[in-house]
Amino acid sequence: MSDAAQPTAAEVRAAAEAVKTALDRHLAAVERRSGEDDPAVYEAFNQLAAAAEVYDELLYDRYDEVTPFEIPGTEDALPPYTGPEEPNALSVLIRRDYAVAEPQRLLSHAQRIEAVEGEDGPAASGTIHGALGLLFGEFEPDEIASRHKEFGLEEGDSTLWVTAAEEPADPGEWLEAPFEQVDPQSVVCRFDVSAVFDDVDDDDDDEDDVVVVEDDLDTDLDEDEDLEPLDADRR
């Protein structure tokens, strides 16, 4: 980072003061809490986490130093649950992000899918968006998640939310806008995966481990005589 883009010492000091203020507010809210899910404590917690994150970033940018603070993930910062005590229905919302890391590998898999299906009409496998349509039409999302590198994809962030409801939705009720009316206070639990939660050294170790595991899996799969044609000639 250039000197012009670095925060000033005064900005770092102000961020430190904001952390102190947020600490006092959080303690005061905890001392006055009215119950286990007091919204004032929840709000003070979020303010403290935000202030600590800003201070940590400015401290690193200015002085190349870090704090011992670990900002909890969003799972620990959910608002108080106000959904039904005994839900009769639930919704599972999943988002997984990918980058198209190896377009040619993706196109090659799409061409093989198209060749096996033998559909007439213009080929869809010649474009990235067409290849993605073929891929997700052929494989379940969970299978794509477990084999993403094989398909030329690179994992990004992912999240899974489980929300509770009194009654199941009517057929077709939310199909036009499936993610617009999610109430955070109806979330029973959520699970987030992101590189921002990982230590850099751990990331390097994990990547090495994944390569070894995939090599072993590919060897086993190639020797399996019962595989479908799409998998039999995998490289």
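This report covers the fold, cores, salt bridges and surface features of one predicted chain.

The model is predicted, so local features need pLDDT of at least 70 and side-chain atom pairs count only at pLDDT 80 or more, while totals for chains, interfaces and linings use all residues. Residues are numbered from 1 along each chain as its sequence is written, and side-chain values use heavy atoms, with hydrogens and water left out.

**Fold**

The chain holds 7 helices and 3 strands. Helices (H or I, at least four residues) and strands (E, at least two) are DSSP runs, numbered from the N terminus. Along the sequence, the pattern reads α-α-β-α-α-α-β-β-α-α. The chain has 235 residues, and 24% of them are buried. Buried means under 20% relative accessible area, exposed means over 50%, and partly exposed lies in between (1.4 Å probe, protein chains only).

**Nonpolar cores**

In soluble globular proteins, nonpolar side chains tend to be buried together. A nonpolar core here is a set of buried Ala, Val, Leu, Ile, Met, Phe, Trp, Tyr and Cys residues joined through side-chain atoms within 4.5 Å. The largest has 11 residues, including Leu 106, Ile 113, Leu 134, Phe 139 and Phe 151. Helix 3 (103–117) and helix 4 (128–138) are the elements that give two or more residues to this core. Helix 3 gives the most, with 4 residues.

A second, separate core has 10 residues, among them Val 12, Ala 16, Val 19 and Ala 51. Ala 16 sits in helix 1 (residues 9–31). Its relative accessibility is 13%, so Ala 16 counts as buried. Ala 16 and Ala 51 are 35 residues apart in sequence, yet their C-alpha atoms are 8.2 Å apart in space.

**Salt bridges**

A salt bridge is a side-chain nitrogen of Lys or Arg within 4 Å of a carboxyl oxygen of Asp or Glu. The count comes to 7. The table gives three of them.

| Acid | Base | N to O distance |
|---|---|---|
| Glu 102 | Arg 105 | 3.5 Å |
| Glu 143 | Arg 147 | 2.4 Å |
| Glu 150 | Arg 147 | 2.6 Å |

Glu 143, Arg 147 and Glu 150 are linked in a network. Arg 147 is buried because its relative accessibility is 12%. Glu 150 is buried too, with a relative accessible area of 12%. Glu 143 is partly exposed, at 30%. In the Glu 102 and Arg 105 pair, Glu 102 is partly exposed at 39%, and Arg 105 is partly exposed at 32%.

**Rings and charge**

Arg 147 also lies over the face of Phe 139, at 5.1 Å from the ring centre. A charge sits over a ring if NZ of Lys or CZ of Arg is within 6 Å of the ring centre and within 35 degrees of the ring normal. Phe 139 belongs to the largest nonpolar core.

**Surface and backbone**

Leu 90, Val 92 and Ile 94 form a nonpolar patch on the surface. Together they have about 280 Å² of accessible area, by the Shrake-Rupley method with a 1.4 Å probe, where only the protein chains shown count as cover for residues. Patches are made of residues with over 30% relative accessible area and no salt bridge; like charges are joined within 9 Å, nonpolar side chains (Val, Leu, Ile, Met, Phe, Trp, Tyr) within 5 Å. Leu 90 lies in strand 1 (residues 89–100). Leu 90 is exposed because its relative accessible area is 60%.

Most residues other than glycine have a negative phi. Asp 64 has a positive phi of about 60°. Asp 64 lies in the loop between helix 2 (39–63) and strand 1. Its relative accessible area is 54%, so Asp 64 is exposed.
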